[in-house]
Every structure is written in structure tokens, then in C-alpha cells.
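Work through the exercises below with the sequence and the structure at hand. Each task is followed by its solution in steps.

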Amino acid sequence: MKRRHFITSLAGTAAMVGALGMGLATTPAAAFPDQPITMVVAWPAGGGHDTVTRLVTEFLEQELPSTVVVTNVPGAAGANGVRQVEEAAADGYTLGVLGLHATAQSYMNENATALDRLEPLAVINIEPAALAVRADTGIESFEDFLAYARENPGGIINGNDSPGGFSFLNAAFIENTFDIQLTKVPYQGYAPTVAALVSGEVMAATLPVPMLADLHDAGTVRILGVAATDRHFRVPEVPTFEEMGHDYVITDYVMVFGPVGIPDDRRAILEEALMRAMSGEAFHERGRNMGLMLQPGGADDAAALMATMDDLIYPIMQDAGLVTVRAR
Amino acid sequence: MIADLFFQTLVSYLSMPQMWGLAVLGVTIGIVLGALPGVSSTMALAILLPVSFGMEPAQAMLFLIAVFVSSVYGGSISAILINIPGTPGAIVTQFDGYPMAQQGRAGQALSVALLSSTVGGFIGLALLVTLAPLVANAAMSFRSPEFAMATVFGLVLLSFASGGSVFRGILVGAVGVLLGMVGFDRLTDIGRFDYNTRALQAGIELVPVTVGIFGLAEVLRNLSAGPQGIPRIPPIGRLFLSPGALARLWAPVARGGVIGTFVGAIPAAGSAIAVAVTYAQEKRLSRRPEAFGKGEPAGVAAPESANSASVGGSFVPMMTLGIPGDPITAVLMGALLIHGLRPGPMLFANNPGFVAGIYVAVFFAIVLTLLVGLVFMRAFTGILRVPRPLLFTIIALLCVVGAYAIRNSITDVYIMLIFGVVGYVMMVLRLPPAPLVIGLILGPIMEENLRRTLILSGGRWEVFIERPISLTLILLSLAVILSPVLAAGWRRWRG
């Protein structure tokens, strides 16, 4: 793989040298892309966003003549990485991935990027919210959960992100929609939240399915429902909240985006390459193995998904007092 | 049954030349990447992850684990030779490793680090193999209140173990804790001490601070001394400590190994914490605490044992619960998932062959790291024979690269430069720099867990004395604080 990069760049260099030698290098917009593309991940190496991105990148490189380099720019709840892409030259050589965190941060942090400064290019996967409880709570169903919460306001100790994180928004969404009150305990990321659920420090968690599926199978925790329109393939026996008759669909996602103003022809090349990269069976098999709900979609799908979730979480954030800048 | 499978797998790997090749390749890459400042073990794995996509699952696992294990040792090489930790796990190794190298004992420091890493690695592996479920349970009983009190204990140990003035140690440690508060609050995501600037919102990263305060400050000190003032490094003598001196390191290495495994097994703790606690503890327990920071081999041995043992420890939550113990195992887990191998609670029952494969890979990686490390040790020390003006130029360059690479952020380079100056000033004022780094590691964890405990308890502080482990840690902390007072009182009473 390293060698392939080397050979491609060698071939590229040779071609350039050849073209220059023959005095033919007169058309600057000859072939896009002819230099490496940077893919910014706003979270540390090894996180969920990072692994997904490296998977897509691996396949994307087979569809493009140039290499794609993943760069991790973590910090400030994802705001730094997103901003780095926003401020990059809109030449198509700097792209990034983002999730719902970008929407949340845009309302919480003056220094975060406003959503209209971003241009979605393609959806990679969605990560629907779910609700799980420890098996020893005796809570068997979502109805039990609601009953318990109504009897004991604040009695359900829920593990989630710090405010603005997806699992926090999910918990706040449940509180708003079903008019209950949870004690929301913040953890730094999903893994510590799962650990807290397993150790019994918290009794419920509003995490997505992949991290909980094995514990659900082992009987330690019980996933009560999935907040998507379809059941999750990792736990096909768990119903969606829609099936239970509740209007409760909320999903995080990973999508590729760029700065505003990438020329149309380049954007089309990138979008098409991304869609081709995500169409193969090998890509889908690896994604499934990772527990990902792959849902490849182009720029329009990406923009629509971002807008839908924006409309959904804005009122929750407003209720939670999290909207401090760019109020709508 | 696992033992049988372990030996079967081991024998089958040993009989396959391609496995040898991959493991040696992985170990060599791991040592080099680990030694490069700014390339952490996590980053080394993330960079090599796509390379492993094309391999068979067993090969990919062996390759990545070889990189992981060897990068932990690699981090100590740059710490010892040029005073910059190669990985966050080597963050305290240079406290004593670099002074040893300056005294012409670079070979000894490297060999102590290598041997301790090997022993620590085996301690971690042994505990993983024999006691994984127990260690997982113990780690699970270690929750927010225990975490908070353990960090308090670590800070107390540190302050009271500083050679020379206790108050200087506490002062510097407190500054470290304060620095840890800059940036987004861990519980509310609200910016603190950031003056609403983008630069400070991401907080003050450990690695740029350490690189600046140790690496760049050392360059500045040598610059200010002028060409004549630079002390010559005595010729490198023996590569190994005498057997007697090595034997005396058994206790620190064993303690470091056990602590490392355990801390590694606690999700989200990480090896930086393991080494910080281990170092503070060894300094406290030592009969010669004043020797620490001046080239005490135990100050290298214990943390190096701890960071290598934490490898085994970090596999515990991955294999028993299916959650990554730290960012490094998160990358590893991602790689395994891509190959369709799903670590988790069902693993031992459903796929014992896979379990044995992981154990063998760790075993193989530890042994090969030892061999490759021994072969190249003399060559590593050759770095010190580079003419000093050239060497310091390279070090300054590596400081910049290392600070930038950790988060791809130019802000981190500025932070490194500032702390380079701070480190130099501290040297002039004879303030110990180590407590600052340890305060920066432990402070945020203490604050986060203290506040979370109080959220969980509804504001009741009694929880800390109601939970046995937490209570024990409080009593230990008190004992450390009060022992000098009590000892003085006892002496006075005796007349």
C-alpha cells in the first residue's frame, strides 16, 4: 500500500516532468485531482470517526488518481477540525468528516463553524440512537422505563456525553418528548460510558447500538429500543421506537464535507468517486463487521440529513439552555 | 484449554517464516515510530491500520500488536537520549533516563528500560492470561470516587516525595493542575481560562508541554552555557548495570508491572497515568528519594515496566467487555472488527483460538522487542556521539515536529515554545519540572471524577468514605501527609 502510493506519486512526477519537458503544461485545470487530498478528522486517531474515515479512504484511493491522507485535528469537541476545513482553500484538496457534533457546536461555541459555511458531499453511515438499561434494574421494556421514570423523577441515572454530545442530546430528547426527568451523568466518550453501565455506576445509557450489542447478547444490559426507521442489524430482535408507536427517530451520522465554494466540476468528481468507493461489496462487508449502519448517499442526501437533524436537535438544545450563539 | 491453544498457536507461528517476518517488521517499525517524538503508539497504529487491511486476520493481529508493544519501548529511547518522550507513556522516563545518559550511562538507561519493559510486558501478559476476568472485575469496582481519590493520592505522593523543598514541589504541581483546567470543561463542554480564543479552547496538551519543558529547555540551557560551558558526556561505558544493581530493581519493576496492568485495565485511564503514579510511588518508597531526577535507575525501571504492563492490562476490558481500554486498543479493536473478529464478552466461549492468537502475538512481540532492542542498543547510543551543536539543532527541530504532530496544530508548537522558556526559567530557579507534568496528567482526571461523583451522590461528600477502596486511598494519603509530623512528634516525645 505504501509502495502503491510511492509508485503513483512517482508516476505522477514522471508525467509532470514529461509534460513540462514537452512544453505541454499549459492547461492548469487539466486533471483534478493531481495532488494528495487531505481528509481532516476532528477526533483523535482510533476513535469512531477515525476508523470509518480510514476505511472509506482506503476505497476512495482506488477511485482517484491521487492519494488521500487522513489528518487528525482533535480539540474543542470537534470544532477545531471542522474549522480547519472551513478555512482551507476551496480547491477540493481539503475535505473533512463530521457528525452531529458540528451542528451542536455551531450553537454552543462562537469559534465553531456555522453550518452554512460547510458543504456536505456524501453520507457514509448513520448511527441511530438507542436506549439501554442494566438487566438487573428489572426494566424489561420502554414502557417500564417510562413508568419507572414517572414514579421517580430523576431516579434514572443515565450515562451520556457532556452537553452537546450525541448521547447527551439523545437523553435530552427523551426527556422532552416523553416529559420525564433523568439524572444525566457526563462521561468523556462512549467507552467510559459503557464501562460505567457495566460497573453499575449508572443504570441506563443513551448510546448507539454497536457498543452495546455484545453486552446485550451476553445479558448484562438490555437494549430497549432503537431510534431509527429500521431495526439495527446487530440486534434484529430489538424493536424501533416507531414500531412501539413513538415518534422518536434521532440519528448521528458521519459525512464527508468540504469548505464552501469548491468548483462544481471538482465537487462532482469527488462526490462520484466517494459514491463509487462506497458501492463495493468489500466495503460493505468491512463496514458491517465494524457494526456500522452504512447508508452511502450523495451531496443532496447529506444536506437533507443534516438539515433534518438540525431541526430536530435545535429545540432540544434551546430547552437545555445550550444555544448561546447563532440563535435561529 | 487456553494453555493448550496458546502453545499450539505459538508453535504454528514459529514454524511460519512469514509470521516471523511480519513480527520483526512490526517490532522494528514500532520502535522507530515510538522513538519519533509526536508519533504516539496510537498514531503509529492508526497510520499502519490500512496496511493491515490486506493481511490475513491472524497476520494483521500479530503485526499490529508487534507495533503496539514495541512502540512503548521505542518511546523511552528518545526520552533517555534526547530528553523528549517519544510517546505519552514515556512521559516520566526522561526524569532519570536523561540524567543517566548525560553521565555516560546511556547504555545502562536503555538496557534498564528494555529489560524492565520486557519484564513488565510479561507481568501484564501473565495477569491478562490468568486473571483477566478478575482484573476486569477489580477495574470495574474502580469507579469515579476511587478514581478521584487515587489521583489525590498520586498528587500527595508526588508533593511529599519531591527531593528538596516540599513546598516547591507542591507549588509546581498546583500550577500543573491549573494548566489542566484550560480549555473545554470535561463535564459541561464550557470553555474555561481560554479568553474565548481558538488557541486555548482545545486545552493545553500534555505532549507539547513535556517536549518544551524538558527537550527545548535543555537545548536552551546548553545554548546559554556557551560553547565552552557544554559539559562533555563521558564516554559510554558498560551497556548493562551490574547484576547486583539489576537485582535491586526487582521490586520497583514488579510494583510498576502490577500497577501498570491494573491502571491499563481501567477504561480511559491510559499509560500516562500509570507511569505518573508509579514514579511518584517509587520516589516515595525509595530509601534515596533525593536521587530521583538525577539518574536513579529505579526511576526508569518502574515506569517502563508500568507502561509495558499496561499493554496487557488494556486488553482486559477489550476482551472481557468489548470496550477499548484506551485509544490504542480502540485502533486495534477497529482493525479486528474490520477483519470480522469481534472482541467482547462472548469471545472466550465463541472463539478461544482468537484469544490464544492475541496472547501469542503479545508474547511474540515482547520477546522480539527485547531481541531487536538488544541488537540495536549500541547503535542507539551512537546518537550521543553526534557533534553537540548538530545534535541540539536536531533536537530543537524534533521538538517542533513532535509538538505539531500530536494534534496537527500550530498552536501546540507555540505552547511548546512557551514551555521551553518556562522550563529554562524553572531550571534557573531550581524548581522541579516533574510535578508540573504529573499535575497536568492527574489534575483533569481528579476534577472530572470528583465532580461526577458529586453529581451521582447528589452532592453528598460522604460517598468517599463509604466506599472501601476510596476510604483506603484517603487513609493512605493522610498517612503520607501526616507521617513527617507524627515522626517529628514521636521523636520529641521520646526526648
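**Exercise 1. State how many residues each chain gives to the contact between chain A and chain B, and describe the side of chain A.**

Step 1. Two residues are in contact if their C-beta atoms, placed from the backbone, lie within 7 Å. On this count the contact takes 46 residues from chain A and 46 residues from chain B.

Step 2. Next come the elements; helices (H or I, at least four residues) and strands (E, at least two) are DSSP runs, numbered from the N terminus. Those of chain A that give two or more residues to the side touching chain B include helix H2 (48-60), strand S2 (68-72) and helix H7 (190-199). The most comes from H7(A), with six residues.

Step 3. Sort this side of chain A by class: 22 residues are nonpolar, 15 polar and nine charged. Here Ala, Val, Leu, Ile, Met, Phe, Trp, Tyr, Cys and Pro count as nonpolar, Asp, Glu, Lys and Arg as charged, and the others, Gly among them, as polar.

A note on the source: this is a predicted model, in which local features need pLDDT of at least 70 and side-chain atom pairs count only at pLDDT 80 or more, while totals for chains, interfaces and linings use all residues. Residues are numbered from 1 along each chain as its sequence is written, and chains are lettered from A and ligands numbered from 1 in the order in which they are written.

**Exercise 2. Decide whether chain A is as compact as a globular protein of its length.**

Step 1. Chain A has eleven helices and eleven strands.

Step 2. Its radius of gyration is 22 Å, close to the 20 Å that the globule rule gives for 328 residues, so chain A is as compact as a globular protein of that length. The radius is taken over C-alpha atoms, and the rule is 2.2 Å times the number of residues to the power 0.38.

Step 3. Along the principal axes, the C-alpha atoms of chain A fill a box of roughly 80 × 40 × 30 Å.

**Exercise 3. Do likewise for chain B, and find what share of its residues is buried.**

Step 1. Chain B has 21 helices and two strands.

Step 2. The radius of gyration of chain B is 22 Å, close to the 23 Å from the globule rule for 495 residues, so chain B too is as compact as a globular protein of that length.

Step 3. A residue is buried if 20 or more other C-beta atoms lie within 10 Å of its own, exposed if 12 or fewer, and partly exposed in between. Of the 495 residues of chain B, 59% count as buried.

**Exercise 4. Classify Leu391(B) as buried, partly exposed or exposed.**

Step 1. Leu391(B) is found in helix H17 (residues 388-407) of chain B.

Step 2. Leu391(B) has 17 other C-beta atoms within 10 Å, and is therefore partly exposed.

**Exercise 5. Describe how H6(A) packs on H11(A).**

Step 1. Helix H6 (residues 166-178) and helix H11 (residues 299-319) of chain A pack at about 80 degrees, with their axes 10 Å apart. Axes are lines fitted to C-alpha atoms, for helices over the stretch in contact, and angles run from 0 to 180 degrees between N-to-C directions.

Step 2. H6(A) is therefore roughly perpendicular to H11(A), a word that covers 65 to 115 degrees; under 35 counts as roughly parallel, over 145 as roughly antiparallel and the rest as oblique.

Step 3. Leu169(A), Ala172(A), Phe173(A) and Asn176(A) in H6(A) meet Ile313(A), Ile316(A) and Asp319(A) in H11(A). By class, this contact has five nonpolar, one polar and one charged residues.
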